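Visitor: Please take a close look at a single part of this model, and then place that part in its wider setting.

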Amino acid sequence: MSSYQGVIVSDPWLQSQFTQVELRTLKSKFINVRTQHGRVTLCDLPPVFSKLKAFTEMFNEDEIKTVLGESNSDMGEEIDFEGFLRAYLNLQTHAIEKSGGTKSSFLKATTTTFHHAINESEKASYVAHINNYLAEDKFLKDFLPIDPATDALFDLAKNGVLLCKLINVAVPGTIDERAINTKKVLNPWERNENHTLCLNSAKAIGCTVVNIGTQDLAEGRIQVLADLNLKKTPQLVELVDDSQDVEELLSLAPEKVLLKWMNFHLKKVGYEKQVTNFSTDLKDGEAYAYLLNALAPEHSTPSTLDTSDPTERANMVLQQAEKLECKRFLTPKDIVEGSPNLNLAFVAQIFHNRNGLSTESKNMSYAEMMTDDVETSREERCFRLWINSLGISTYVNNLFEDVRNGWVMLEVLDKLFPGTVNWKQANKPPIKMPFKKVENCNQVINIGKDLNFSLVNVAGNDVVAGNKKLIVAFLWQLMRFSMLQLLKNLRSYSHGKEITDADILNWANNKVKKSGRTTQMESFKDKSLSNGVFFLELLTAVEPRVVDWNLVTKGETDEDKKSNATYIISVARKIGCSIFLLPEDVIE
């Protein structure tokens, strides 16, 4: 199917911690040890790791053996390649601590430069955001407020608790906080669990976390842009003229919607320029002055535009915005210097506090008609977040609109099965000619047929037409096939054979049974699964210490079922599972 020779790891989080060059190098070391000894154990690793450039100046063989022994009671236990990689990351963590957290040769550029290259104004804004939203948090209140002039932000982020809390600020309820390790002193494995929970939960709210480390504060973007869609703010239809424009609005990224909203109001008050970005177009503060005059004339004064000093105008703009209860997370200097991230957050804050849109638009009824039923909406969310988690170059904002030109589907197929897409025959967006979209979608369907998907009487035209049922059916088969391929690659279990639903069912039941528990499931539609007990017993069988049974209910009432289901999802993410379902999916 493919000539691509990349190293594939079944755990997406683990894969994201290494470049392909690193994976090939480490795979070669692993295979050499296995060839020499017939198998690989932790005892074999100290002489291998001590010769790696990353560790040669940090540890000798005895020190490496001590580090590995602290986290593993049986050094003679056989490990697979993923265990080899986890041992490497464990040693890397100790190397960072030993060096005092400074830049070192083993850290990738994306993580080494972040700490030192971050814009100080942005850091101050993040700190103000954290101090404001988490001031009353029971765990964090002892560490807040953070001083933006120090590195306290990064020190606090190390144990993963802060980042987990920030995700819940962005999208409340994403993480069941009972699953967060919140002891005052966490060991490396507990910190890693928090980081894993954070990254998998970030994916579940739409953050792209491929090759992103735990210091990235991507959750802030999700929070400030959360309402910039027709479902949350149907009044946005006032920005367009007809139903066709509504469809285009659906496919716009939140940042583009925000710019469209801003220009809509600026045009009404006679501002002649077009704002196309959150940086250079806002530097002189004039656009802000006109925007606030349109939205809140009661707080506007002519002096804001009369002044010739951009910094003075920016300060007056911020004063006006404060009267709309917009918190001051940026400075006049940030506006004048054109800080794109802080300007984006500021404009979004103005939108949230006063969007100036009417509920009387002629297109309002059309927008309401476009609202999906609950099941379709949940499916759209699941597949959209799954696609974004893969790290393809196109970010999906609205699944059913964004896949219609076929390009996103081709990117997903190429990501999952490198070499399957003939890019010479693909048409890159923007695509104006309908038949070019059909060509893309026909290639998508043909690849699906090559993968033995059930696509009877399905053609590229169906995708272009936005047939939701067929789009969901294709994506479900694609997600399922990719998961089964991952399982097939775990040859220690499958021996390279195809994995079936029955195999997964039997594995789960046997795993629970061997752990000494009696709960079993008859099928994936077994109604008894709704109480969540079987899933919690399965998680316990996989990782005995991960479930706190004092927090588990019998699941007899709807409230108890919801409690268990919420806990299940966070615990699963904590041990490395990428999950895009909601508690309601477990309950039902």
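Guide: The answer begins with one helix, then turns to the whole chain and a few selected sites. The model is predicted, so local features need pLDDT of at least 70 and side-chain atom pairs pLDDT 80 or more, while totals for chains, interfaces and linings use all residues. Residues are numbered from 1 along each chain as its sequence is written, and side-chain values use heavy atoms, without hydrogens or water.

The part chosen is helix H16, residues 310–322. Helices (H or I, at least four residues) and strands (E, at least two) are DSSP runs numbered from the N terminus. H16 has 13 residues, which at 1.5 Å a residue should span 18 Å, and its end C-alpha atoms are 18 Å apart, in agreement; the expected span is 1.5 Å times one less than the number of residues. At the start of H16, a side-chain oxygen of Asp-309 comes within 3.1 Å of the backbone nitrogen of Thr-311. The buried residues of H16 (under 20% relative accessible area; exposed is over 50%, partly exposed in between; 1.4 Å probe, protein chains only) are Arg-313, Ala-314, Met-316, Val-317, Leu-318, Gln-320 and Ala-321. An α-helix has 3.6 residues a turn, so residues three or four places apart point the same way. The cover over the buried residues of H16 includes helices H14 (286–295), H15 (303–306), H17 (332–336) and H18 (340–353).

The chain around H16 has 30 helices and zero strands. Of its 588 residues, 48% are buried. Taking contacts (heavy atoms within 4.5 Å) between residues at least 6 apart in sequence, 59% join residues at least 24 apart.

A second helix can be treated in the manner of H16. Helix H7 (residues 120–133) has 14 residues and should span 20 Å at 1.5 Å a residue; its end C-alpha atoms are 20 Å apart, which agrees. Its buried residues are Glu-122, Lys-123, Ser-125, Val-127, His-129, Ile-130 and Asn-131.

Two single residues come next. Glu-190, in helix H10 (residues 188–204), is buried, with a relative accessible area of 10%. Its side chain makes a polar contact (N or O atoms within 3.5 Å, one able to donate a hydrogen and the other to accept it; sequence neighbours count only through side-chain atoms on both sides) of 2.9 Å with the side chain of Lys-183. Leaving out residues up to four places away in sequence, Glu-190 touches Asn-181, Lys-183, Val-185 and Arg-545. Val-571, in helix H29 (residues 558–574), is buried at a relative accessible area of 1%. With the sequence neighbours up to four places away again left out, Val-571 touches Ala-179, Leu-539, Val-546 and Val-547. The C-alpha atoms of Val-571 and Thr-540 are 9.8 Å apart, although 31 residues separate them along the chain.

Aromatic residues and cysteines remain. The whole structure has 17 aromatic pairs (Phe, Tyr or six-membered Trp ring centres within 6.5 Å; planes under 30 degrees apart are stacked, over 60 edge-to-face, the rest tilted). One aromatic cluster is formed by Phe-30, Phe-49, Phe-55, Phe-59, Phe-81, Phe-84 and Tyr-88. Lys-27 lies over the face of Phe-81, 4.6 Å from the ring centre (Lys NZ or Arg CZ within 6 Å of the centre and within 35 degrees of the ring normal). Lys-184 lies over the face of Phe-139, at 5.6 Å from the ring centre. The search for disulfides (cysteine sulfur atoms within 2.5 Å) finds zero in the whole structure. Cys-43 is partly exposed, with a relative accessible area of 41%, whereas Cys-382 is buried, at 19%.
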